[in-house]
Amino acid sequence: MNEDRELQWDDTITNDGQDYITLPEGDYAFTVESFERGRHNGSEKLPPCNKAVIKLRIDTPEGPAFINHQLFLHTKTEGLLSAFFSSLGLKKKGEPLRMNWNAVPGSTGRAHITLDPDRNDPEKKYNHVKRFYPKDGGAQTWKAGNF
């Protein structure tokens, strides 16, 4: 029985980890695995602000694909935050919402995923959330096992 535990500096490791699964561009159902609170240090486009790093899981025949997506807590990105909470069914169009981050893990939604080049290595591609769809309607969604 393998139990999770802290590794020591001289322990032997054998687990190679999971292969990174790249998805073809399309619409996918996702589950929010987790989120972490963080801080954006500021950039040309956005001043310093809080951020949420959301870990999404998309189930595929090859296994789960994971996407880390950042949401910035700033008035400039309020529409993106609304789209995310709408995709989980936690926000209704035209109604204000107090963001309840405790309700996010385990929630499900739909998103359009693209494959974008890595900034440092254009040969490498990574899964990217292009947009979130509202829970109450919208685009056709691919479901696990229905590729």
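Leu90, Leu97 and Met99 form a nonpolar patch on the surface, together holding about 210 Å² of accessible area. A patch here consists of residues with over 30% relative accessible area and no salt bridge, where nonpolar side chains (Val, Leu, Ile, Met, Phe, Trp, Tyr) are joined within 5 Å and like charges within 9 Å. Accessible areas come from the Shrake-Rupley method with a 1.4 Å probe, and for residues only the protein chains shown count as cover. The model is predicted: local features need pLDDT of at least 70, side-chain atom pairs count only at pLDDT 80 or more, and totals for chains, interfaces and linings use all residues. Residues are numbered from 1 along each chain as its sequence is written, and side-chain values use heavy atoms, with hydrogens and water left out.

**The sheet**

- An open sheet is formed by 5 strands in the order β3-β2-β1-β4-β5, with antiparallel pairing.
- β3 (63–73) and β5 (125–133) are the edge strands; each has a single partner strand, so one side of each is left without a neighbour in the sheet.
- From one strand to the next the twist averages 40°, with axes taken as lines fitted to C-alpha atoms (for helices over the stretch in contact) and angles running from 0 to 180 degrees between N-to-C directions.
- Strands (E, at least two residues) and helices (H or I, at least four) are DSSP runs numbered from the N terminus, and two strands pair if DSSP finds at least two bridges between them.

**Strand pairs**

- Strand β1 (residues 26–40) pairs with strand β4 (residues 108–117) in the antiparallel sense over 6 bridges; threonine 31 has threonine 108 in β4 as its bridge partner.
- β1 also pairs with strand β2 (residues 49–60), antiparallel and over 9 bridges, and here valine 32 stands opposite leucine 56 in β2.
- Between β2 and β3 the antiparallel pairing runs over 11 bridges, and asparagine 50 stands opposite leucine 73 in β3.
- β2 and β3 form a hairpin, with 2 residues between them.

**Cysteine 49**

- Cysteine 49 lies in strand β2 and counts as buried, at 4% relative accessibility.
- Buried means under 20% relative accessible area, exposed means over 50%, and partly exposed lies in between (1.4 Å probe, protein chains only).
- Neighbours within four places in sequence left aside, cysteine 49 is in contact with Arg39, His40, Phe72, Leu73 and His74; contact means heavy atoms within 4.5 Å.
- The C-alpha atoms of cysteine 49 and leucine 73 are separated by 6.2 Å, although these residues are 24 residues apart along the chain.

**Helix α1 and the loop after it**

- Leu81, Phe84, Phe85, Ser86 and Ser87 are the buried residues of α1.
- These buried residues of α1 pack against β1, β2, β3, β4 and β5.
- Glycine 89, just after α1, takes a positive phi of about 80°.
- Leucine 90 is placed in the loop between α1 (78–87) and β4.
- Leucine 90, a member of the surface patch, counts as partly exposed at 33% relative accessibility.

**Salt bridges**

- The structure holds 3 salt bridges, a salt bridge being a side-chain nitrogen of Lys or Arg within 4 Å of a carboxyl oxygen of Asp or Glu.
- Side chains of opposite charge can pair when their charged atoms come close.
- Arginine 5 forms a salt bridge with aspartate 11, and the closest N and O atoms are 2.9 Å apart.
- In that pair, arginine 5 is exposed, with a relative accessible area of 55%, whereas aspartate 11 is partly exposed at 27% relative accessibility.
- Glutamate 33 forms a salt bridge with arginine 57, where the closest N and O atoms are 2.4 Å apart.
- This pair links distant parts of the chain, with glutamate 33 in strand β1 and arginine 57 in strand β2, 24 residues apart.
- Arginine 57 also meets aspartate 59 in a salt bridge through their side chains (3.0 Å, N to O).
- Glu33, Arg57 and Asp59 are thus linked in a network of salt bridges.
- Within this network, glutamate 33 counts as partly exposed at 34% relative accessibility.
- Arginine 57 is partly exposed, with a relative accessible area of 22%, and aspartate 59 is partly exposed, with a relative accessible area of 34%.
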